[in-house]
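Got the viewer open? Let's go ring-hunting, one selection at a time.

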Amino acid sequence: MLKKYFLKKLFFFILTIWIGVTILFIISRLMPVNPINIIMGRLSLLGTQINQSQFESIKKTFMNLYGLDKPLIMQYFSFIKGIISGNFGPSFSFFPKPVSELIYNSMPWTIGLLATCVIFSWFIGNLIGGIAGFYNQKKISKVLESIFLILYPTPYVIMALLLVFFFIYLIPIFPYFGGRSMGIVQEFSLRYFFGIIKHAFLPALSVILISMGGWFLSMRALTINTKTENFVEFAELRGLSKRKIMFGYVMRNCLLPQLTGLALQLGFIFNGALVTEYIFAYPGLGHLMYYAITNSDLNLMLGIAFFAVIGITIATLIIELTLPLIDPRIRFKE
């Protein structure tokens, strides 16, 4: 039974990736922007003196290099083959660097920043939200709710710009751009490590403050509803302590949907925090995606989008496989 369930989910996992990859390919070919024409336009802006025949010859070479001179169906199969082998081709804007190298260089920065932000905001937001929901009649609960109701709808760009204004221009205690201090050799040392933390602090804070608001509000609402259930009243009649009821009965049940949200949030990490990383010039996937979009780097956009599809699909698969183990109300069925 368990094997059948696993194989079924694995089949849909592969099918979802294939559909996602196919949609990415179709969208990329329907885009009104021709990256080869952009490359040729840049050559013209450089003041290169070439005649029409040389221009067409260079354009033909680029078309052949990026496989855009083949029939559409052949381009699709080449695209699928490249994804399976991990080869997304050369970047249009960072030529001749391969897309995979650019992504692998940026991925650790995004994973390190966003994974930490998501897990930290999830833990703190749910903890505070659960306590505030359990004691929702207290004044402090109302104050926290008001604060997070203001923070949660705030756009990331506004939060990031406010942090830049206060902690870079008004009180210049944090660096403005980059992921590490310039002039420091990349090595495993405390100085290098603290330099990375210092550069990541403001981008992380902008993400955590807003994300924590969402977790707080949802956990508070779940806790308020759950604490009126019959099993909670029965626990109170048994004379259990408030602490035991809150953590062992109420918040434990409320965490099930929150775990699903956490897994999906971790899956979205591979999108990168585009706005935040751009504002702070943080060298992650979001900043790389922004550069790819503004420079019409088709291969780079497809490579980053593919990893986003993989991340979300894997997160969904993990949820479906682990929820029956976490939630006793879910059972494997034929």
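Select Phe12 to begin: at 40% relative accessibility, this residue is partly exposed, a label for values between buried (under 20% relative accessible area) and exposed (over 50%), using a 1.4 Å probe and protein chains only. Add Phe11, which is exposed at 52% relative accessible area. A quick word on what you're viewing: the model is predicted, so local features need pLDDT of at least 70 and side-chain atom pairs pLDDT 80 or more, while totals for chains, interfaces and linings use all residues. Residues are numbered from 1 along each chain as its sequence is written, and side-chain values use heavy atoms, leaving out hydrogens and water.

The structure holds eight aromatic pairs. Rings of Phe, Tyr and Trp (its six-membered ring) pair if their centres lie within 6.5 Å, and planes under 30 degrees apart are stacked, over 60 edge-to-face, the rest tilted. Phe11 and Phe12 make one edge-to-face pair, with centres 5.5 Å apart and planes at 70°.

Next, pick Phe25 and Tyr76: another edge-to-face pair, 5.3 Å centre to centre and 70° between the planes. Phe25 sits in helix H1 (residues 2-30) and Tyr76 in helix H4 (residues 72-85), so the pair ties together parts 51 residues apart in sequence. Helices here are DSSP runs of H or I, at least four residues, numbered from the N terminus. Phe25 is buried at 4% relative accessible area, and Tyr76 is buried too, at 13%. Add Phe77 to the selection: ring pairs link Phe25, Tyr76 and Phe77 into a cluster.

Last stop: Lys227, whose charged end sits over the ring of Phe134, 6.0 Å from its centre. That label needs NZ of Lys or CZ of Arg within 6 Å of the ring centre and within 35 degrees of the ring normal.

Key: Helix = DSSP H or I, 4+ residues; strand = E, 2+ residues; numbered from the N terminus.
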